[in-house]
Structures are given as structure tokens and as C-alpha cells.
Amino acid sequence: MSDILDKIVATKKIEIAHGLQKISLGNQRDIAESNNKDALLKPRGFISAIENKIAAGKPGVITEVKKASPSKGILRDNFNPAQIAQSYEKHGAACLSVLTDVNYFQGCNAFLQEARSACNIPALRKDFTIDPYQVYEARAIGADAILLIVACLELNQMKELEACAHELGLDVLVEVHNAPELEQALELKTPLLGINNRNLKTFEVTLQTTLSLLSMVPQDKTLVTESGILGRGDVQLMRDNQINAFLVGEAFMRAADPGVALSELFS
């Protein structure tokens with residue numbers, strides 16, 4: 001695990017302890033299950049939204065709602081999650097990925113709630129999920145999917161968190177950075193597999209990460225390439241290799257209109 005992930009995971013453990021003092025695990029679960037009965041809050045189908053785009057011959061793009069990052073600082077001064085989400089939806093996004101981490105990405109749960117309520121596409125809670133409490137919390141705030149990062153989890157943890165998510169109707173995106181992590185990810189049931197092109201130790205980004213792991217990915221998985229998709233040539237390279245799902249964030253956050261940037265990149 002990289003130094004930054006070590007720090008983030010340590011912070012998450014503190015956040016979970018504080019969260020349990022405010023809302024018990026049982027109460028958080030009750031809220032989550034109640035949301036599943038609410039027409040406006042029930043899960044929208046994150047994976048199906050991506051697969052429907054691909055089936056229609058279009059790219060399945062997961063568009064990020066992200067205020068800042070540890071390495072780049074503030075990405076967008078005029079940060080309005082609702083407006084960003086509406087722009088993404090208007091210009092063809094399949095899904096949203098909303099950063100909710102407070103300490104390292106300047107996110108919050110309210111950003112996901114604001115973004116999701118402003119549109120009709122599903123939202124991933126992009127955070128560092130290490131405990132079932134966070135899974136219940138994700139559904140309680142209206143998330144349609146969670147992210148599991150292999151680099152900061154043991155296999156038994158991932159299986160427990162995935163099972164918890166599926167019980168609540170949440171989809172799961174499992175993220176890997178290399179071949180050993182990919183082997184672990186394939187032990188999970190989720191069909192949605194993300195390959196992050198950013199090296200967690202050096203922060204170097206290369207699309208060859210996705211391409212080098214492609215032969216290990218079974219046909220029944222929906223592969224999402226993450227990070228480093230900056231130009232149309234990058235999109236074409238991936239689509240030429242039958243990779244049709246993308247997670248793109250920082251490039252859109254720096255644009256005057258994120259949705260217009262989306263349509264220009266994938267036109």
C-alpha cells in the first residue's frame with residue numbers, strides 16, 4: 001500500500017469510529033433499507049446504465065464530481081455538484097462518480113446527495129470503503145454503487161463488503177492497479193472491473209496499464225479504464241481494444257462546462 005493510502009485508511013478508521021458515535025450501525029442500516037423503499041432514492045442500476053450505453057454502441061462514461069485531489073489541490077473553484085451533474089446527464093454520461101472523502105479530496109456526503117437529486121443517472125460513492133458501516137452509509141445518502149479499492153483491502157474484507165452492498169441493492173466497482181490485484185478482484189462476484197492507470201506510488205499515469213492487463217480480464221466482466229483519458233486519441237485507443245467504459249474526472253473538472261467537455265472528448 002502506498003503512503004497516501006496508508007494515511008487515508010487510518011483516517012477512515014477514525015471517521016468510522018466518530019460516525020458510530022453519532023449514528024449506530026443498526027440505525028444506519030435502517031435508513032439504508034428505508035431508502036430502498038423510496039421511489040426517488042431506491043437504487044437506479046449503476047452497472048445496467050453503463051451496459052445499456054455500450055449495447056447502444058456508445059461509450060459508458062462514469063463522470064466524476066470532484067472538487068480537489070491530494071496531488072493537484074483544488075480542481076474547480078466554482079464547484080456546484082447539482083449543475084455539474086445536470087450538465088453531465090445532458091451530454092450523455094452513463095453515471096456519476098462523486099467524491100465524498102472530506103480530508104483528502106474536500107468532498108462530503110452532501111455533494112453526492114445534491115448531484116444525484118439533480119439528475120436521473122446513478123451515482124457511485126467514490127470513497128475509501130473499508131467497513132460495512134460505510135456501505136450502509138452510502139445507501140443511506142442515496143448512492144447507487146460503491147467503490148472497492150483492492151490496494152487497501154484484504155480479499156475477505158472485499159467479499160464481506162461486496163455481500164453487504166448487494167444485500168442493499170448497491171452495485172460494486174472494484175478497482176485494481178496491477179496483475180496481483182486483478183487476480184484478487186476476479187474472486188468477487190461483481191461484473192464491473194476498473195483498472196486505474198495511475199501508479200499509486202509514483203502517481204505516473206500510463207494507458208499501458210489497462211492494455212497490459214487486458215488479456216487477464218474474462219469476457220463476462222465490464223472493464224472500466226480509469227485515469228489518463230485526456231484526448232480523443234486515448235478514447236479511440238481504448239475502443240479499438242474493445243474497452244468501452246471509462247471513468248474520467250480531472251479533465252472535466254477543469255473545463256468551463258464539464259458536460260460540453262464530455263461530449264467533445266467522446267464525440
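## A walk around Arg 125

The side chain of Arg 125 comes to 3.2 Å from the backbone oxygen of Gln 134. That is a good spot to begin a tour of this predicted model, and we can work outward from there.

Arg 125 sits in strand E5, which runs over residues 123-126. Is this arginine buried or exposed? Arg 125 counts as buried because its relative accessibility is 5%, and the cut-off for buried is under 20%. Besides reaching Gln 134, the side chain of Arg 125 makes a polar contact with the side chain of Glu 137, at 3.0 Å. Leaving aside residues up to four places away in sequence, the residues that Arg 125 touches include Val 98, Thr 100, Asn 109, Leu 112, Ile 141 and Leu 147. Gln 134 and Glu 137, the two polar partners we have just met, are also among the residues touched.

Let us follow that contact across to Glu 137. This residue belongs to helix H6, so the polar contact joins a residue of strand E5 to one of helix H6. Glu 137 is buried as well, because its relative accessibility of 18% falls under the 20% limit. Which residues does Glu 137 touch, once those up to four places away in sequence are set aside? They are Gln 28, Asn 109 and Arg 125. Asn 109 therefore appears in the contact lists of both Arg 125 and Glu 137. Glu 137 also has a partner from far along the chain: its C-alpha atom is 7.0 Å from that of Ala 32, although the two positions lie 105 residues apart in sequence numbering.

Now step back to the end of strand E5. Asp 127 is found in the loop that links E5 to helix H6, whose residues are 132-140. Asp 127 is in a loop, yet it is buried, with a relative accessible area of 3%. A polar atom of the side chain of Asp 127 lies 3.3 Å from the backbone nitrogen of Asp 101. Asp 127 touches Asp 101 along with Lys 12, Thr 100, Leu 147 and Ile 149, again not counting residues up to four places away in sequence. Thr 100 and Leu 147 are touched by Arg 125 too.

Two other loops are worth a visit for their backbone angles. Gln 106 is in the loop between strand E4 (95-99) and helix H5 (109-117). Its phi is near 55 degrees, a positive value in a residue that is not glycine. Gln 106 counts as partly exposed, at 37% relative accessibility. Ser 227, in the loop between strand E9 (222-226) and helix H10 (232-240), also has a positive phi without being glycine, near 75 degrees. Ser 227 counts as buried, at 15% relative accessibility.

Finally, let us look at the whole protein. The secondary structure comes to 12 helices and 10 strands. The radius of gyration is 17 Å, close to the 18 Å that the globule rule gives for 267 residues, so the protein is as compact as a globular protein of that length. Its C-alpha trace spans about 50 × 40 × 35 Å along the principal axes. Of the 267 residues, 53% count as buried. Among contacts between residues at least 6 apart in sequence, 67% join residues at least 24 apart. The accessible surface is about 11600 Å², with 48% of it belonging to carbon and sulfur atoms. As for charge, the mean positions of the 27 positive and 33 negative charges are 4 Å apart.

How values were computed
Residues are numbered from 1 along each chain as its sequence is written. This is a predicted model: local features need pLDDT of at least 70, side-chain atom pairs count only at pLDDT 80 or more; totals for chains, interfaces and linings use all residues. Side-chain values use heavy atoms; hydrogens and water are left out. Helices (H or I, at least four residues) and strands (E, at least two) are DSSP runs, numbered from the N terminus. Buried means under 20% relative accessible area, exposed over 50%, partly exposed in between (1.4 Å probe, protein chains only). A polar contact is a pair of N or O atoms within 3.5 Å; within protein, one must be able to donate a hydrogen and the other to accept it, and residues adjacent in sequence count only if both atoms are side-chain atoms. Contact means heavy atoms within 4.5 Å. The radius of gyration is taken over C-alpha atoms; the globule rule is 2.2 Å times the number of residues to the power 0.38. Accessible areas come from the Shrake-Rupley method with a 1.4 Å probe; for residues, only the protein chains shown count as cover. Lys and Arg count as positive and Asp and Glu as negative; His and the chain ends are not counted. The place of a charge is taken as NZ of Lys, CZ of Arg, CG of Asp or CD of Glu.
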